[in-house]
Amino acid sequence: MPDRPQRLIVAITGATGAVYGVRLLQHLGAIPGVETHLILSDAAVLTLHQETGMARKQVESLAHVAHKTRDIGASIASGSFQSAGMVIAPCSMKTLASVAHGFSDNLIARAADVVLKERRRLVLMVRETPFNLAHLRNMTAVTEMGGIVFPPLPSFYLHPKSIDEMIDQTVARVIDLFSIEHGLAPRWAGLKGQSEEQ
């Protein structure tokens, strides 16, 4: 049988940071053997336009397959759909709550529920600050289910020279979680040229 591409589900919700989902799609699209399945929430379309100037069609064109958020009958709504997992980038607190409580009230929450029940990798790039107790409890619940809570925080020790570099460093760390090879960002090689403090 021919090699099957590594499928990854990417969802973009209405939280700020839509560029993380866009850059993730762009980078995954350049990696041979990776097939992306995209879900955009209605709120994400508004945020994408506000933050990036991109329309729905432009973002959907970055994925191999685009699904409608209300299409509960989509292929990715079934555990029989084989994938490496799912990234919600960014993940709103509403979507976090839906996943934490198993609501499955739209395709994003349903696909996430499927990924968890099939013991696949689910990464939630949660975006809110400060967190209230409901947010923290929902993040704990998702973590206890096997999900990974991944706030998109920059790595200043790599001395990024631009916002794009900071975004790419974060996206690279997410891609690493799926053991997908890439050359997107430098890796930490340890402190060099530093004398020990006396």
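Me: A pocket is an open set of points on a 1 Å grid over the protein atoms alone, where a 1.4 Å probe fits, with protein on both sides within 12 Å along at least five of seven lines. How much space lies in the largest pocket?

Reply: Rolling a probe the size of a water molecule over the atoms shows where empty space is left. In this predicted model, local features need pLDDT of at least 70 and side-chain atom pairs 80 or more, while totals for chains, interfaces and linings use all residues. Numbering runs from 1 along each chain as its sequence is written, and side-chain values use heavy atoms, without hydrogens or water. The largest pocket holds about 250 Å³ (the space filled by probe spheres set on the points).

Me: Which residues are closest to the centre of the largest pocket?

Reply: Lining residues have an atom within 4 Å of a point. There are 14 here, and Ser41, Asp42, Lys94, Thr95 and Asn106 are the closest to the centre. By type, the lining has 8 polar, 4 charged and 2 nonpolar residues. Helix H4 (93–100) gives the largest share, 3 residues; H2 also supplies at least two.

Me: Which helix gives the most to the largest nonpolar core?

Reply: Such a core joins buried (under 20% relative accessible area) nonpolar residues through side-chain atoms within 4.5 Å. The largest has 29 residues, with Ile12, Leu24, Leu28, Leu38, Val59, Val87 and Val174 touching the most other members. Strands E1 (6–12) and E2 (34–40) and helix H7 (163–176) are among its suppliers of at least two residues, but H1 gives the most, 6 residues.

Me: What is Val174 in contact with?

Reply: Beyond its neighbours within four places in sequence, Val174 contacts (heavy atoms within 4.5 Å) Leu24, Val87, Val123, Met125 and Phe150. A second, separate core of 25 residues includes Ile9, Ile88, Ile108 and Ala111.

How values were computed:
Buried < 20%, exposed > 50% of the residue type's maximum accessible area, 1.4 Å probe, protein only. Helix = DSSP H or I, 4+ residues; strand = E, 2+ residues; numbered from the N terminus. Nonpolar A, V, L, I, M, F, W, Y, C, P; charged D, E, K, R; others polar.
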